[in-house]
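Here is a short briefing on the strands at the core of this chain. Take a look at the model before reading on.

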Amino acid sequence: MRPYGTLARSYYWTLRRGRLAVRSGIGPTRRIASAPPQATQGRQMSQTNAVDVIDVSKNFGTYQALKSISFTIRNNEFFTMLGPSGCGKTTLLRMLAGFETPDRGTILLKGQELVNIPPHKRRVNTVFQSYALFPHMTLEQNVAFGLENLGWERARIRARVGEMLERVHMSAFAKRKPAQLSGGQRQRVALARALAPEPEVLLLDEPLSALDLKLRQAMRDELRNLQRDTGITFVFVTHDQEEALDMSDRIAVLGSGEVQQLGTPTEIYEEPVNRFVADFVGETNFLEVDVLETASGNATIRTPFGQVITVPAPRDTLQGRGTLSIRPEKINLGDQAQDSAFSAQVVNKNYMGGYTHYLLAANGVEFRASRRNASREGDAIAVGSTVPVGFARASARVLAS
Ligand SMILES: Nc1ncnc2c1ncn2[C@@H]1O[C@H](COP(=O)(O)OP(=O)(O)O)[C@@H](O)[C@H]1O
Ligand SMILES: [Mg+2]
């Protein structure tokens, strides 16, 4: 099912993500699928990135909010800036919108310096957590507002507004005012308004955080579909790692005013480059280990349980002490433990339905493991019992301590 297929109907031409949507004049839009990106690059599509952030710093008084940050956002990607509250996400987003200027460094939009593009020509729009709809206007008027300012013709505005409201499932409410809507509905209208002028880049600052859990999860899929179907570059800001993993093509993890890691959700989760990332994204155990040797992306370590093993390490410069990061779901217990190398005692457990979380101890070191309850009998390991414990070497990582 393609819930957003309708928007494309009014696009006479849309060339996005190397897909070509053509209006046939009679029938519905046909998408001519998937010329590979490299085939279109250098011809119809610009090779420039959507956004280049180059060496950008920002201070507030003596506080260094951003410390010489550089990264690139590609055309047509769902890019997420993930980090704890106060790490500078909104500051960075406001700079991309041109509301704030860096103290040092440059921001390029489609290869052009942002400061040199007049505000009305910057094809960037923002969706705020607070929706920021005009309370005295109907939904229609809210969506039309930006288009009127851009000087669109009336008929074109009417068509576009209708289409955008349909796309976010709000057509039936067109004549209502924002106060007559739920939070989720307002957020949909805010999205329709921001997408209506077809920005090249849509900035979204924690747009789901005011919604309740169920709605938030539904909206994740909607946002992802909207991004895919429009091909507009989304720059999404959140402190919620699950949202980031679920929706993004790539994630920049921000912390202490710096980009701690940039990569796909799988890279960020499976191959964290430091303790901050391993800790902030997902759950993990940190175990202090002795590093005996490092070579070509691996480290040979001695664990607190006495094993000497070789596991992946992002840096070859580790020496002496290091930290082994191993996620609870990668630790196998009991009959699921392959590679079983030691035994541990079950200190505590929490039955969560689908999973049971265990707190274990061996050699005086505590760690957590979670085990999927693949059957009703899955939760059979008792507190106080001693169980075999194992993990695949490749799913652990040695990080600087
Ligand atoms: N206008 C400002 N004046 C002073 N400090 C600010 C201002 N804007 C942001 N800050 C500070 O900069 C840091 C980053 O803020 P912000 O970008 O809003 O973080 P985030 O969006 O990641 O929560 C915070 O410590 C915040 O208090
Ligand atoms: Mg913020």
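**Covered strands and their partners**

Strand 6, residues 78–82, is mostly covered, with 5 of its 5 residues buried. The model is a predicted one. Strand 10, residues 201–205, is likewise mostly covered: 5 of its 5 residues are buried.

**Strand 6: faces**
- One side of strand 6 carries Phe 78, Thr 80 and Leu 82, and these residues are buried.
- Phe 79 and Met 81 sit on the other side and are buried too, which leaves both faces covered.

**Strand 6: pairing**
- Strand 11 (residues 233–238) pairs with strand 6 in the parallel sense, over 5 bridges.
- Opposite Phe 79, strand 11 places Val 235.
- Strand 12 (residues 250–255) also runs parallel to strand 6, joined by 4 bridges.
- Leu 82 has Val 253 of strand 12 as its bridge partner.

**Strand 10: faces**
- Val 201, Leu 203 and Asp 205 point one way from strand 10, and all are buried.
- Leu 202 and Leu 204 point the other way and are buried as well.

**Strand 10: pairing and crossover**
- Strand 9 (residues 124–127) pairs with strand 10 in the parallel sense over 4 bridges.
- Within that pairing, Asn 125 stands opposite Leu 202.
- Strand 10 also pairs with strand 11, in the parallel sense and over 5 bridges.
- Leu 203 of strand 10 faces Val 235 of strand 11.
- From strand 10 the chain passes through helix 6 (residues 213–230) to strand 11, a right-handed β-α-β crossover.

Key:
Residues are numbered from 1 along each chain as its sequence is written. Chains are lettered from A and ligands numbered from 1 in the order in which they are written. This is a predicted model: local features need pLDDT of at least 70, side-chain atom pairs count only at pLDDT 80 or more; totals for chains, interfaces and linings use all residues. A residue is buried if 20 or more other C-beta atoms lie within 10 Å of its own, exposed if 12 or fewer, and partly exposed in between; C-beta atoms are placed from the backbone. Helices (H or I, at least four residues) and strands (E, at least two) are DSSP runs, numbered from the N terminus. Two strands pair if DSSP finds at least two bridges between them. A crossover is right-handed if, with the strands pointing away from the viewer, the path from the first strand over the helix to the second runs clockwise.
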